[in-house]
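Here's a walk through one model, taken in two stages: how some of its helices sit against each other, and where empty space is left between the atoms. Have the coordinates open as you read.

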Amino acid sequence: MRSPTRYRRRVATVSSDLLRTQAYVGGQWIDADDGRSFPVVNPSTRETIADVPRLGAAETRRAVEAADQALPAWRAWSAKERAAVLRRLASLAAEREGELATLMVLEQGKPMAEARTEVAYALSFYEWFAEEAKRLDGAIVPSPWPDKRILVTREPVGVTAGITPWNFPSAMVTRKSAPALAVGCTMVLKPAEQTPLSALALAALAAEAGVPPGVFSVVTGDATDAPVIGAELTSNPRVRKLGFTGSTEVGKLLMRQCAEQVMKVSLELGGNAPFIVFDDADLEVAVTAAMVCKFRNSGQTCISANRMLVQEGIYDDFLARLTDAVGRLEVGDGFAEGVQVGPLIDEPAVTKVEAHVGDALELGAEVVTGNGRIDGQFYSPSILVDVTPEMRMSREETFGPVAAIARFATEDEAVRIANATPYGLAAYYMTTDLGRTWRVGEALEYGILGVNTGLISTEVAPFGGVKESGIGREGSSYGTDDWTELKYWAVGGLAPAH
Ligand code: ADP
């Protein structure tokens, strides 16, 4: 673990223009009306990095008003002008990549290499949607009436709200705000209480890039403020859409709140990803994929493999190789050289992993490798075998570095187990059989498939789930759909002149 002195030196490498400890509302850096703040804590050392304002309904309402006032001018900018600002923002983020990654490691704990990858992924949404917004075309539809023409145009939905989680502190912010801003919407964003600093740094860069005041605001608050801020964002009639990434439970709550004023929603919620290894899989490919999609971000992603299903014929070989790879994982502070697995985000996260493992062991699972909690919020990368569907780790997201493995016999059985969940975000399967590739892919009830790969996130592809994993897609050429409305024009009066 790092000493406090080295830690303070690390904070000092982030310039004051990016280490923001005030909320950003209507182009102003503000404190809470009542001056209250909450600590942002480094999950690795449990030290306080900064104190950030606890905003409430009044400040959130002002952010919405500012977004509403900024809307007419922003949507009137040409797509090309908005694109130029977003491209500038992407360049600034690329120039400051080291500092953004440092902030992320400080507040989220992930290893530096992963933080850098996330910054690159985050800014790719600014680049991508800067271009996509220029292609927001409509349609001219053949008219059934000789004296009328039919047109379809696309418009920004208006003032929008974003609520984001802590596991990807930058990328979830840009995956929502980039398409919104690109098409001419304005946005009030509430980042997760664990990781507000990355969002505030992006707000600072947005201002520097030329995003006008009010177009993008960031309202901060702690866990008890979140429902208050969320209630304002979902009940304020000026807000026309909410984009949320987080738990299914909170997603359902927000969807109910949005229903009151029939507000558009896009929701990226929990997953329960199956990772199926068939007998015909390439073992090396399968183990590499399993390592990436189970242990990246300490297993704290909504597309992390949650249930590993391994066919009988390949079971022993796969388990031996995976055990070897897991045993070599380096756990530690995200800034330390060579570290691959950082701490879990907070104490409840560690307690949840412990509870899942405890429940599985009680019901008959066995630990192949792993020693539970190491120290503080660090959890030892683990493999459990003989995991059955009734165990908590099969039914809920464990969100930790624990691989839960079960054996299966037939393809039908694997597909049946994989689909036996209310979730449907990502599914992975490893096979070299072409027929099986298509059969299984078509049978899996999931929004995203990783076939012979554990790495699926890219700005060019549509990210999102089915069933209780959500509504809508983020990224890709489909990613502007959720931030625009169609307008149909019936243009009459074209009868020939007499
Ligand atoms: P996680 O379990 O990953 O922390 P949550 O769904 O609890 O996921 O949190 C995701 C985001 O939703 C965070 O920004 C959090 O503050 C916010 N949030 C949690 N509860 C509410 C709520 N009742 N209303 C609005 N936002 C909320």
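What follows goes through three helix pairs and then the pockets and cavities. Keep in mind that this is a predicted model.

Let's start with helix H3, residues 79-95, and its packing against helix H5, residues 112-132. Their axes lie 8 Å apart, at an angle of about 165°. Angles over 145 degrees count as roughly antiparallel, and H3 and H5 therefore get that label. The crossing of these two helices is left-handed. On the H3 side, the contact uses Ala 83, Leu 86, Arg 87, Leu 89, Ala 90, Ala 93 and Ala 94, which meet Val 119, Leu 123, Tyr 126, Glu 127, Ala 130 and Glu 131 of H5. Sort the residues of this H3–H5 contact by class and you get 10 nonpolar, three charged and no polar ones.

H3 also packs against helix H7, residues 196-209. Here the angle is about 130° and the axes are 9 Å apart. That angle makes H3 oblique to H7, and the crossing is right-handed. Val 85, Arg 88, Leu 89, Leu 92 and Ala 93 come from H3, while H7 brings in Leu 202, Leu 205, Ala 206, Glu 208 and Ala 209. The H3–H7 contact has eight nonpolar and two charged residues, again with no polar ones. If you're following the side chains, Leu 89 and Ala 93 of H3 appear in the contact with H5 and in the contact with H7.

Now step from H5 to helix H6, residues 171-183. How do the axes of H5 and H6 cross? They come within 8 Å and cross at roughly 10°, so these two helices are roughly parallel. H5 contributes Glu 118, Tyr 121, Ala 122, Phe 125, Tyr 126 and Phe 129, and H6 contributes Ala 171, Thr 174, Arg 175, Ser 177, Ala 178, Pro 179 and Ala 182. This contact does include polar residues: two of them, alongside nine nonpolar and two charged. Tyr 126 of H5 is worth a look, as this residue touches H6 and also takes part in the contact with H3.

H6 leads us on to the empty space. The largest pocket holds about 1,200 Å³, and H6 is one of the elements that each supply at least two residues to its lining, along with H8 (226-235), strand S10 (239-245), H9 (248-259) and H12 (347-362). Which of them gives the most? That's H9, with six residues. The lining runs to 48 residues, with Pro 165, Trp 166, Gly 246, Ser 247 and Val 250 nearest the centre. By class, it splits into 25 nonpolar, 13 polar and 10 charged residues.

The second largest pocket has a volume of about 280 Å³. Of its 15 lining residues, Glu 114, Thr 117, Glu 118, Arg 296 and Leu 455 lie nearest the centre. Its lining has seven nonpolar, four polar and four charged residues. Glu 118 should ring a bell: this H5 residue is also in the contact with H6.

Finally, the closed spaces. There are four cavities of 30 Å³ or more, and the largest has a volume of about 50 Å³. Among the residues lining the largest cavity are Gly 271, Lys 294, Cys 302, Glu 397 and Phe 399. The lining of this cavity counts seven polar, three nonpolar and two charged residues.

Key: Residues are numbered from 1 along each chain as its sequence is written. This is a predicted model: local features need pLDDT of at least 70, side-chain atom pairs count only at pLDDT 80 or more; totals for chains, interfaces and linings use all residues. Side-chain values use heavy atoms; hydrogens and water are left out. On a 1 Å grid over the protein atoms alone, a cavity is a set of points where a 1.4 Å probe fits but cannot get out, and a pocket is an open set with protein on both sides within 12 Å along at least five of seven lines; lining residues have an atom within 4 Å of a point. Grid points are joined across faces, edges and corners, and a volume is the space filled by probe spheres set on the points. Ala, Val, Leu, Ile, Met, Phe, Trp, Tyr, Cys and Pro count as nonpolar, Asp, Glu, Lys and Arg as charged, and the others, Gly among them, as polar. Axes are lines fitted to C-alpha atoms, for helices over the stretch in contact, and angles run from 0 to 180 degrees between N-to-C directions. Helices (H or I, at least four residues) and strands (E, at least two) are DSSP runs, numbered from the N terminus. Angles under 35 degrees count as roughly parallel, over 145 as roughly antiparallel, 65 to 115 as roughly perpendicular and the rest as oblique. A crossing is left-handed if the near helix is turned anticlockwise from the far one by less than a right angle, and right-handed if clockwise. Contact means heavy atoms within 4.5 Å.
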